[in-house]
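The following paragraphs lead the reader through one protein model, moving from a covalent link to a sheet, a helix and the empty spaces. Please keep the sequence and the structure in view while reading.

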Amino acid sequence: MNRICIWAFLVSLLFLIHSTESVDDVQTTLVKFIQKLSSSNDIPDPTWGWNLSSDPCKDQWKGVACSNRTFQVQKLLLDGLNFSGTFDPWILCTGDKSFAESLNELSLNDNRLRVENLEGISSCRYLSRLHLRGNLFSGNLPDSMSRLNNLKTLEISQNQFSGVLPDLARISGLTQFLAQDNDLSGFIPEFDFSNFLKFNVSNNNFSGPIPNGGSRFPASSFDNNSGLCGEPLPNECPPKDKSKSGYSRDQILMFSGYFLIGLVVVLLILYKFCTKGKKNKKKVSDSIDLKVEASDYDGSTKLSIVSSDKSEASKSETSAESAKSLVVLSSPEVNGLKFEELLKAPAELIGRGKHGSVYKVICEGQGLTMAVKRIKDWSLSSNDFKIRMKRLDQVRHPSVLPPIAFYCSKQEKLLIYEYQPNGSLFKLLHGDQVTFDWSSRLGLAATIAKALAFMHEELREDLLAHGNLKSSNILLNENMEPCISEYGLRVENQEVSMVSISNIQAAEENDGQNTFKSDVYAFGVILLEMLTGKVASVQNNGMDLARYVVSVIKEEWTGEVFDRGLSKEGASEERMVNLLQIAIQCVNQSPEARPSISQVAVMIDAIKEEDDTSMDISQALCFRGFLVQQRANRSRIYYYMVESRQEI
């Protein structure tokens with residue numbers, strides 16, 4: 001027994017010594033770092049607490065934010081403190097390993113710092129936010145910066161950085177890149193712009209074409225780069241110079257003459273056809289007026305295109321257009337909605353995908369804010385589209401956002417939804433706004449799975465799956481509750497479908513039942529996003545994230561895949577692993593090997609019940625301790641009263 005006590009004492013002593021050494025190492029690293037920032041061997045202000053005789057977390061050093069559970073330094077926020085020394089990330093990221101692993105945000109905005117050993121920043125490999133705006137940093141950005149795989153925000157604007165950017169497109173989770181007002185040059189990397197929330201490279205020396213997807217940002221994000229061209233900038237990219245092809249000047253002039261003659265002939269032919277078509281179109285457009293007609297179309301209101309011209313010729317032309325209509329579904333608050341009011345209302349582009357765009361539309365006359373999904377060139381006929389929309393309107397679930405109206409023509413289709421004010425799951429996961437804790441993520445996953453299981457069950461005979469499930473299509477209502485949007489908008493017969501990628505899901509498009517398994521795959525990708533905190537590429541249907549997670553697990557590094565924020569807040573690793581196993585089953589390459597969404601919902605619900613029970617027990621123990629303390633207090637009060645009476 002004595003030996004056991006001695007061993008326990010020695011183990012405790014060793015742990016205490018190790019912990020003390022670790023804290024000392026962190027203090028030493030931080031003190032060296034701030035001395036370098038202030039270009040002095042002294043601390044800028046003794047009241048800040050940065051010294052070797054205090055603890056950075058317990059004594060609340062200025063600009064230091066720590067984990068409430070592990071008391072490790074997580075953030076250094078040193079903005080606008082007039083530092084004029086040197087930023088040396090080598091000191092910060094290589095001094096103490098545990099510190100480098102716990103640090104996830106570094107902000108040195110609006111100082112007068114210079115930089116050295118910037119390549120050392122790659123050793124802070126768990127950084128998710130790096131803010132260096134408004135300093136005197138110069139030189140090239142090192143290639144090692146592209147190894148910061150957990151980085152979500154990189155802000156280097158208003159400095160003097162020069163040279164070519166490293167391959168930052170390798171950082172799959174990057175959602176904000178701000179590099180304006182520098183002296184950077186070369187080409188812009190081939191970023192996946194669909195992941196970005198903020199992007200700005202204006203006032204630099206970049207050249208060449210703006211990569212695909214850059215047009216989703218305004219021209220101001222690319223302004224004052226004399227060599228840049230392509231959308232959204234007004235200057236188009238010049239064609240390749242063919243004057244070096246070996247042709248003589250006379251040959252070039254001769255070919256140009258032939259080309260001009262041919263062009264004139266073509267333009268004359270086109271002019272003849274166009275003037276003919278314009279006359280016909282003018283007759284129709286002059287005679288069309290939009291107005292609401294009450295009708296018995298299954299209890300809904302129909303907005304039709306009706307002729308206001310009394311001529312018989314105009315009426316016959318307009319009758320062909322009468323198939324175009326806005327159908328308002330069973331939603332009494334929008335029964336007075338007019339199509340022309342919808343088209344004239346201010347519209348803000350809030351999303352753009354492979355098959356369509358989403359606009360925020362405010363109809364002041366109705367007092368409504370709506371989201372309008374516009375789909376072009378969908379091969380689904382107008383009649384089939386109407387049948388599908390009517391069927392979806394019959395199947396309602398509180399966590400599935402229903403369309404309140406729709407419009408269809410041969411060229412395009414519009415779906416009108418109630419606007420959800422709190423953004424999407426994608427922004428919640430990858431933005432900087434709020435903390436997204438484990439219990440909230442688990443509850444959201446359970447809600448989505450149950451809603452999807454309900455829709456699959458109700459619409460299986462109709463072969464109507466979601467078909468385009470992703471984190472940006474999980475919206476949050478005014479109560480921050482999730483709702484699935486765009487259900488049933490699988491765009492068929494396209495060269496590349498959002499749910500038909502490579503050899504994994506190519507065969508699934510041909511089988512309506514397998515489309516339900518495509519939803520399961522997409523839901524598995526959403527689970528991986530919530531567990532890892534990493535962005536799933538929309539262009540590759542999340543396969544890159546699935547492959548990454550599977551490869552890490554094969555190397556038996558399961559703990560490495562989880563979002564470090566979850567582990568730091570004390571989330572149960574056992575329950576995270578259980579949810580990860582469900583996600584891996586969902587993204588199995590074989591559709592037959594994937595579980596149904598109903599099975600997935602049951603498994604997630606079991607994990608949630610276990611998590612809720614664990615939380616209830618923890619709260620009960622805390623409450624029990626509180627009651628014991630209250631009883632002890634009452635006992636002391638009673639004893640005091642008895643003693644007082646005896647004295648009297």
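**A guided reading of the model**

Cys57 and Cys66 are joined in a disulfide, with 2.1 Å between their sulfur atoms. The structure is a predicted model, and every value given here was computed from it. In general terms, a disulfide is a covalent bond between the sulfur atoms of two cysteines. The torsion about the S-S bond of Cys57 and Cys66 is about -90°, and the disulfide is therefore left-handed. The count of disulfides in the model comes to three.

Attention may now turn to the sheet. Five strands make up an open sheet, arranged in the order E7-E9-E11-E13-E14, with parallel pairing. Its edges are strand E7 (138-139) and strand E14 (227-229), each of which pairs on one side only. Strands of a sheet pair through backbone hydrogen bonds, in either a parallel or an antiparallel sense.

The individual pairings can be followed across the sheet. Strand E9 (residues 160-164) runs parallel to strand E11 (residues 183-186), and three bridges join them. Within this pairing, Ser162 has Asp183 of E11 as its bridge partner. E11 in turn pairs with strand E13 (residues 205-209), again in the parallel sense, over two bridges. Here the bridge partner of Ser185 is Asn205 in E13. Three bridges then connect E13 with E14 in the parallel sense, and Ser207 finds its bridge partner in Gly227 of E14.

Two backbone features in loops deserve separate mention. Beyond the sheet edge, the loop between E14 and helix H4 (249-286) contains Pro232. The peptide bond leading from Glu231 to Pro232 is cis, with omega near 10°. The second feature concerns Asn82, which is found in the loop between E2 and strand E3 (86-87). Although Asn82 is not a glycine, its phi is positive, at about 60°.

How many residues does helix H9 have, and how far does the helix reach from its first C-alpha to its last? Helix H9 (residues 438-459) has 22 residues and reaches 32 Å between those two atoms, close to the 32 Å expected at 1.5 Å a residue. At the start of H9, a side-chain oxygen of Asp437 comes to within 3.4 Å of the backbone nitrogen of Ser439.

The remaining topic is empty space. Rolling a probe the size of a water molecule over the atoms shows where such space is left. The count of cavities of 30 Å³ or more comes to one. The largest cavity holds about 80 Å³ of space. Among the residues that line the largest cavity are Leu392, Arg396, His397, Pro402, Tyr417, Met455 and Glu486. By class, this lining has nine nonpolar residues, one polar residue and two charged residues.

The second largest pocket encloses about 1,300 Å³ of space. Several elements give two or more residues to its lining, namely strand E1 (64-66), strand E2 (73-77), helix H8 (425-430), helix H12 (543-554) and helix H13 (564-568). Which residues lie nearest the centre of the second largest pocket? They are Ser128, Lys152, Asp563, Arg564 and Gly565, out of 47 lining residues. The lining of the second largest pocket divides into 15 nonpolar, 15 polar and 17 charged residues.

Conventions: Residues are numbered from 1 along each chain as its sequence is written. This is a predicted model: local features need pLDDT of at least 70, side-chain atom pairs count only at pLDDT 80 or more; totals for chains, interfaces and linings use all residues. Side-chain values use heavy atoms; hydrogens and water are left out. Two strands pair if DSSP finds at least two bridges between them. Helices (H or I, at least four residues) and strands (E, at least two) are DSSP runs, numbered from the N terminus. On a 1 Å grid over the protein atoms alone, a cavity is a set of points where a 1.4 Å probe fits but cannot get out, and a pocket is an open set with protein on both sides within 12 Å along at least five of seven lines; lining residues have an atom within 4 Å of a point. Grid points are joined across faces, edges and corners, and a volume is the space filled by probe spheres set on the points. Ala, Val, Leu, Ile, Met, Phe, Trp, Tyr, Cys and Pro count as nonpolar, Asp, Glu, Lys and Arg as charged, and the others, Gly among them, as polar. The expected span of a helix is 1.5 Å times one less than its number of residues. A polar contact is a pair of N or O atoms within 3.5 Å; within protein, one must be able to donate a hydrogen and the other to accept it, and residues adjacent in sequence count only if both atoms are side-chain atoms. A disulfide is a pair of cysteine sulfur atoms within 2.5 Å.
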